[in-house]
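Hi there,

Here is the structure I promised to pass on. Have a look at it first, and my notes come right after.

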Amino acid sequence: MAAGGATASRAGLAYGFACFGIWGLLPLYWELMESATPSEVLAHRMVWSLPTALLLLMAARNWSWIRPLLRDPRRLALLATSASLISVNWWLFIWAIDQDRVLEASLGYFINPLFNIAIGVVLLKERLRPLQWVAAAIGGTAVLVMSVAYGQIPWVSLSLSVTFALYGLVKKRTALDGAEGFTADSALQFLPALGFLAALTARGDSSFTTEGTGHTLLLISTGLATAMPLIFFGAAAVRLPLSTLGLLQYLAPTTMFVLGLLVFHEEMPPERWAGFLLVWSALSLLTWDALRQARTRRRTVARHTPAPAHEDAALND
């Protein structure tokens, strides 16, 4: 069992690094399609996601969930909401890359855990531990510092955080796994996106066939670029503790941050450094608190787990 657990853990780490690594490197991919508008890239991402999702379902022969879903108006409404939220999130992210705002996008995903806390308190009436309150206060201070320094609220970062946090909340309530949820979202996005691309082509504004074969293949591959990290995430989630998965999630915005500095050569004035440092301090507190809680739970479980039968027999001899 121990060897099997170690193998599963190593596989989980590999899937986790692949998942968050791909998400972190996506700015480089979207940048390759700079001749297309963010809206066109988004529409292609939606259109090509559906056939990718259907191929995955065919390979897994996983169709049984569809009929019960179609008979449940409440879950369909939740799916429409999740599809809308992730559409806005995707468009904002692609637009941020197009506008050379990679650092702002990375900040959005750094502060996402803080928004998850806010949602837990406001919508789910959760009670926070003291360190979580401190982390939330530091995160709020970071937003305030950058707002004052720049003369405006960092709306790109906040919008990415809010839409993704709400998307995660709605997704939990739909009770679909990664591949099923991806397929359902893609099915709802497909027709509006296809209609937009048809209108774009009719106006002569489409870049799909005018920028060369490489550009066409890049647009077609957006479905795969969307699906693969989700598949890897699902595989990592069933093999790793949530605490480990929570640590790995910072790989994506960290990679984006490095790309913004070293590849896209975006400016990092002192006030932006101050904001990032405050956010990183808040995340460090959250991470330390989560690891401490995980250790406490493991000790509690071990203390209340009965000894194996052979150990009881040995003690009675």
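Below is what turned up on the cavity, one asparagine and one helix.

Please keep in mind that this is a predicted model.

Let me start with the empty space. Searching the whole structure for cavities of 30 Å³ or more gives 1, and the space in this largest cavity is about 80 Å³. Helices H1 (2-31), H2 (38-60) and H4 (73-98) are the elements that each give two or more residues to its lining. H4 supplies the largest share, with 3 residues. If you want to find the spot on screen, the lining residues include Trp 30, Met 33, Pro 38, Val 41, Ile 94 and Asp 98. Sorted by class, the lining has 7 nonpolar, 1 polar and 3 charged residues.

Helix H4 also holds Asn 89. Is Asn 89 buried or exposed? Its relative accessibility is 2%, and buried means under 20%, so Asn 89 counts as buried. A polar atom of the Asn 89 side chain lies 3.1 Å from the backbone oxygen of Leu 160. Beyond its neighbours within four places in sequence, Asn 89 is in contact with Leu 160 as well as Tyr 109, Thr 163 and Phe 164.

Finally, a check on helix H13, residues 251-262. With 12 residues at 1.5 Å a residue, H13 should span 16 Å, and this agrees with its end C-alpha atoms, which are 16 Å apart. The buried residues of H13 are Ala 252, Pro 253, Thr 255, Met 256, Phe 257, Leu 259 and Gly 260.

Best wishes

Methods. Residues are numbered from 1 along each chain as its sequence is written. This is a predicted model: local features need pLDDT of at least 70, side-chain atom pairs count only at pLDDT 80 or more; totals for chains, interfaces and linings use all residues. Side-chain values use heavy atoms; hydrogens and water are left out. On a 1 Å grid over the protein atoms alone, a cavity is a set of points where a 1.4 Å probe fits but cannot get out, and a pocket is an open set with protein on both sides within 12 Å along at least five of seven lines; lining residues have an atom within 4 Å of a point. Grid points are joined across faces, edges and corners, and a volume is the space filled by probe spheres set on the points. Helices (H or I, at least four residues) and strands (E, at least two) are DSSP runs, numbered from the N terminus. Ala, Val, Leu, Ile, Met, Phe, Trp, Tyr, Cys and Pro count as nonpolar, Asp, Glu, Lys and Arg as charged, and the others, Gly among them, as polar. The expected span of a helix is 1.5 Å times one less than its number of residues. Buried means under 20% relative accessible area, exposed over 50%, partly exposed in between (1.4 Å probe, protein chains only). A polar contact is a pair of N or O atoms within 3.5 Å; within protein, one must be able to donate a hydrogen and the other to accept it, and residues adjacent in sequence count only if both atoms are side-chain atoms. Contact means heavy atoms within 4.5 Å.
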